[in-house]
Each structure stands twice: as C-alpha cells, then as structure tokens.
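Reader: I have a model open beside its sequence, and I would like to learn how to read its features one at a time. Could we begin with a single residue and work outwards from there?

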Amino acid sequence: LGVTSPKPGDRICDPCCGTGVLLAGAAGAAEGMVRGHALFPRSARMTALTLELRGRPGEVTDDAEPSPEGSRHKYDVVLSNPPFNMRFRDRPRRGRFGLIPPTGTSFAWLCDAYERLAPGGRAAVVTANGSVFRTGPERDLRAAMIKAGVIDRIIAFPPRLFPYTGVGVTLWVLREWGPQSVLMVDGTDLGYMADRSHRRLSPDDVRLLSSVEP
C-alpha cells in the first residue's frame, strides 16, 4: 500500500479483488468510494463482508474481467493481485498499448488498471515474473508502456510469499503519466522463512521497498 499512498479522499478500486483483504487494507487509509470486482459470487460476498468488518463498506460485484479497451469509471488508487494463469476465452484484446494475446493475462490486468486511473492516479498490480521478460507481443506492450511513461517502478519480490504459489512475483506501479524511465527494485533477497514453505517480509523490508527512490 505504501507505493500507492492512499489519501483520505481517494476513490479506490480493485478490479479482481479475491476475498477483499487488499482492498480493505487500502480502504482503511482513505474515506472515498470503494469498489471491488470479484470473479465469483462467493468471492464478492466475502469481500463485502471483509469491508463491513473493517468499517468501510463499498460496492462489490461478481463481474471481474480485464477491460484493457478502457473504462468509464475512474479512480485515484487501483490495486490488485489477480490470478496469474487465466486465459481469455474468446479472442485477443487490443488496448491503447497494443495487442494483448489470450495468454497475456498479466498485461490485460495491467492495461485494465491503467485505464481506470483518474488524473494523477496511481496503480499497483501483482503479476507473475514472466511479465518482465517474455518476448513477442508482451515485449511490445512493455516497450509501449515505457514509451508512454506510465510505469513508475517494477519491484521484484522473493519466492514463497503467497500460499497458493511458490514462485517469485513482481509488483508493477503505474502512474497516469511521467518520464520515460522505470525504477527497477530487486527485493528477491529480502524476507525470512516463517516456516518450511512460506516467506514473510519484515516491517523494515516493507518500508525499504516502498521508500526506494531513483
């Protein structure tokens, strides 16, 4: 949350909110509108309950699907940790940064997050590490986003942070507009093993990663 720095009046959205933990954490730092989109009705209900328990009720629907073509709803903060292995069921999508293949789910969510940004907005999206180095259409999408100046930084995290996957992940921090430069942060050596299979970041690790400046 530190990299997006939610402010009291910010409007916040999670385009693929899971059970709502990430959305509730961000909503707790702001007082503006809160909206979540879940993949399933059960997830939507759990997200709504999570927000209620945190004292920050919001609008939650079960219609999560990346819309890289654009969105009419705009937000000050967009953050999400969508599934890594989804595929488009029907066709490639085309957004402002180029053609997104059916296997390019990470860029579909990244482009979706960008399209939801209000002027001066910022987004943080967790992706699989492959989004940083895959070739073909995904390389072209990366290049177009860098040229447009919408990538603020990319932070590489260590493996085993999440219970459902042992692979390392990458956090993309997007901005509405900026210089054609990207801050690359390597956090793969941070954290400690909480047990045999799960790694955790210490508070100092989190502060370090969120405070790095060019």
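Author: Let us do that, keeping in mind that this is a predicted model. We can start with T47, which lies in helix α2, a helix that covers residues 41–53.

Reader: Is T47 buried or exposed?

Author: Burial is read from relative accessible area, and a residue counts as buried under 20%. T47 has a relative accessible area of 0%, so T47 is buried. Leaving aside neighbours within four places in sequence, T47 is in contact with C17, G18, T19, G20, L23 and V60.

Reader: Which strands does α2 lie across?

Author: Helix α2 lies across β2 and β3, and α2 runs at about 165° to β3. Strands β2 (residues 34–37) and β3 run parallel and are joined by three bridges, and in β3 the residue T61 is the bridge partner of H37.

Reader: In what order do the strands of the sheet follow one another?

Author: A sheet is read by passing from each strand to its pairing partner. Here eight strands form an open sheet with mixed pairing, in the order β3-β2-β1-β4-β7-β9-β8-β10. Its edge strands, each of which pairs on one side only, are β3 (59–61) and β10 (183–186). On average, and with direction ignored, neighbouring strands of this sheet are turned by 10° against each other.

Reader: Where does helix α3 lie, and how many of its residues are buried?

Author: Helix α3, made of residues 105–115, lies across β4 (75–80), β7 (117–128) and β9 (169–175), and α3 runs at about 165° to β7. As for burial, α3 is mostly covered, with 11 of its 11 residues buried; among them are F107, W109, L110 and Y114. The buried residues of α3 pack against β4, β6 (98–100), β7, α4 (130–133), α5 (137–148) and β9.

Reader: Strand β9 has come up in that answer, so to speak of one residue within it, why does R175 count as buried?

Author: R175, which is found in strand β9, counts as buried because its relative accessibility is 14%, and the cut-off for buried is under 20%.

Reader: What does the side chain of R175 reach, and which residues does R175 touch?

Author: The side chain of R175 reaches the backbone oxygen of P179 at 2.7 Å. Not counting residues up to four places away in sequence, R175 touches Y114, L117, G121, G149, V150, I151, D152 and S181. One of these, Y114, is also among the buried residues of α3.

How values were computed. Residues numbered from 1 in each chain as written. Predicted model: local features only at pLDDT ≥ 70, side-chain atom pairs only at ≥ 80, totals over all residues. Heavy atoms only, no water. Helix = DSSP H or I, 4+ residues; strand = E, 2+ residues; numbered from the N terminus. Buried < 20%, exposed > 50% of the residue type's maximum accessible area, 1.4 Å probe, protein only. Contact = heavy atoms within 4.5 Å. Pairing = 2+ DSSP bridges. Axes fitted to C-alpha atoms, helices over the stretch in contact; angles between N-to-C directions. Polar contact = N/O pair within 3.5 Å; in protein donor to acceptor, adjacent residues only side chain to side chain.
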